[in-house]
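Trainee: I would like to go through the aromatic contacts and see how each label is justified.
Mentor: Then let us take the labels one at a time.

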Amino acid sequence: MKPMLDQGSLVAAIKRCTRVGDLKAIQAHMVRANLTQDTFLTSKLIESSAVTLSGHVAYAHRIFSCTHHPNLFMWNTIIRGYSISDSPITAIALYRDMFLCGISPNNYTFGFVLKACCKLLRLCEGQELQSQIMKVGLDFETPHLNGLIKLYAACGCMDNACVMFDEMPDPDSASWSTMVSGYAQNGQAVEALKLFQEMQAENVSSDAFTLASVVGVCGDLGALDLGKWVHSYIDKEGVKIDLVLGTALVGMYSKCGSLDNALKVFQGMAERDVTAWSTMIAGYAIHGHGEKALQLFDAMKRSKTIPNCVTFTSVLSACSHSGLVEKGHQIFETMWTEYKITPQIKHYGCMVDLFCQAGMVGHTHKFIQTMPIEPNVHISRKILKLDPSSPENYVLVSNVYASQGRWSSVCQVRRLMKDKALKKQHGWSSIEINFLVHKFIMGDESHPEREKIYGMLHQMARKLKQVGHVASTVDVLHDIDEEEKEYALGLHSERLAIAYGLLHTPNGSPIRIVKNLRVCRDCHEVIKLISEVYNREIILRDRVRFHRFRERGCSCNDYW
DNA sequence: ATAGGGTTAG
């Protein structure tokens, strides 16, 4: 190696570092060149290990602690490093230390601490920060406002986020994309799309960040036509399809059932990381193409991309849907032996599905005994104990009970959820007509065409009764709360969507609907009946299947 | 002397 003992070449060398080991070598050079007290070089060392080589904040922290009088840049850099690390709480602690050391923050500091608050969902501290900025007389800049909007969105307060956004004098593309992704993350997909359409109307051009969110929303809603339109918009505007946007498109096309397009985008991508590969593999898994998913998994390994736990969920579920028992078992074993990934409950779930579908009852029992957690209702109880704050877990448990007809337990779980005042996650269904996505929740009365829809709904109910359908839930849920009554009356979201579809799609064309979150037992049966009575093909995409491969062993290719 | 906010997979 050439000697590089001046500051300039050392800085250049730090920039080229890809591992912490490289930094150690440079530190050795600094000792030899008597440059250990060089503030600029020390700053760059901290920056490199704290930010550029993320995951090595502790190393940066050691250098920082050895510095006698760290300057503001060093403080900022170390706080920034922690804010993006898995210990953002340390960023906040350091921010307090900074005051104790008599160092005043600047605008950059606030941005980094805000990010840490965001990761920790510390709304109060974020607001405190907001008043501090004003107190010290610094300008409140767009990145701060965007950070606060993000914080509100992350904490589920889209109303506050919206007020801030509306009051912004000069929202930039980051502001828009924060809002769009905020709606998307809070399950307000339609609002996200509305905002995107507003952007179009106001001639605000969308960049790759916003578009990735929008594309994701299209996938969530199964809005293929709109998704295709956004894709053509991306091409037309010459927006570069980078790793993230490419991955978003692949995911959108596979979720919307268009695997050809998903593959086309995937193959056109200049680079592919573990997320991109996992998305494409999941696409094949969802549609029951087990062999293809496995081929892709092999290709991924050949490309030296290291699979993670998400990749394995998709690969194992692909095996389960295609009956590839041996192969699946083999891959499951490699999780720990080759990749040191501890299988999670969902991976065990895939394995149980795999054995069950192959009819290997004995094998299943044996496998279950090796599991760290029992795979029945009792695990669900454990899940609730482990994470009692996640509403999804309650829904999962309630569904497990429902599938066994244990209605009183269903009510108990629901009541528990209510007592804990957990935000109800409404199940919804949607249908896309002429690029517009119409979303319905159970008993939805807000639609402008509610009269027509309800008329159709009652007609549907009568016709179903004529062919002998008795809503199985009606009989058991008579003495429960209002919501359950609506449920029992048949105002399920998917029926509202179908009614709307019957009213608005031309005769002969299929009705494609997406159902999310709450599966009722007779949903598929009812849809089949409606489709027979009205002589219309009804295609249901059940989003729950994407999340919970382990539930009752239906193959996903039934849905598209 | 250096630096900031927003995006993707189950």
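Mentor: Start with burial: a residue counts as buried under 20% relative accessible area. In this predicted model, both Phe297 and Phe312 are buried.

Trainee: Why does Phe312 count as buried?
Mentor: Phe312 has 0% relative accessibility, and the cut-off is under 20%, so Phe312 is buried.

Trainee: How many aromatic pairs does the model hold?
Mentor: The count comes to 12 aromatic pairs.

Trainee: What makes Phe297 and Phe312 an edge-to-face pair?
Mentor: Their ring centres are 5.8 Å apart and their planes are at 70°. Centres must lie within 6.5 Å, and planes over 60 degrees apart count as edge-to-face, so both conditions are met. The pair links distant parts of the chain: Phe297 sits in helix α18 (residues 290-302) and Phe312 in helix α19 (residues 309-321), 15 residues apart.

Trainee: Why is the pair of Phe312 and Tyr339 called tilted?
Mentor: The centre-to-centre distance is again 5.8 Å, but the angle between the planes is 55°. That angle is neither under 30 nor over 60 degrees, so the label is tilted.

Trainee: Which parts does the pair of Phe312 and Tyr339 tie together?
Mentor: Phe312 lies in helix α19 and Tyr339 in the loop between α20 (325-337) and α21 (345-357), so the pair ties together parts 27 residues apart in sequence.

Trainee: How do you know that Lys463 lies over the face of Tyr534?
Mentor: Lys463 is at 4.7 Å from the ring centre of Tyr534, and the limit is within 6 Å. Likewise, Arg450 lies over the face of Tyr454, at 4.9 Å from the ring centre.

How values were computed
Residues numbered from 1 in each chain as written. Chains lettered and ligands numbered in written order. Predicted model: local features only at pLDDT ≥ 70, side-chain atom pairs only at ≥ 80, totals over all residues. Heavy atoms only, no water. Phe/Tyr/Trp six-rings, centres within 6.5 Å; stacked < 30°, edge-to-face > 60°. Helix = DSSP H or I, 4+ residues; strand = E, 2+ residues; numbered from the N terminus. Buried < 20%, exposed > 50% of the residue type's maximum accessible area, 1.4 Å probe, protein only. Lys NZ or Arg CZ within 6 Å of the ring centre and 35° of its normal.
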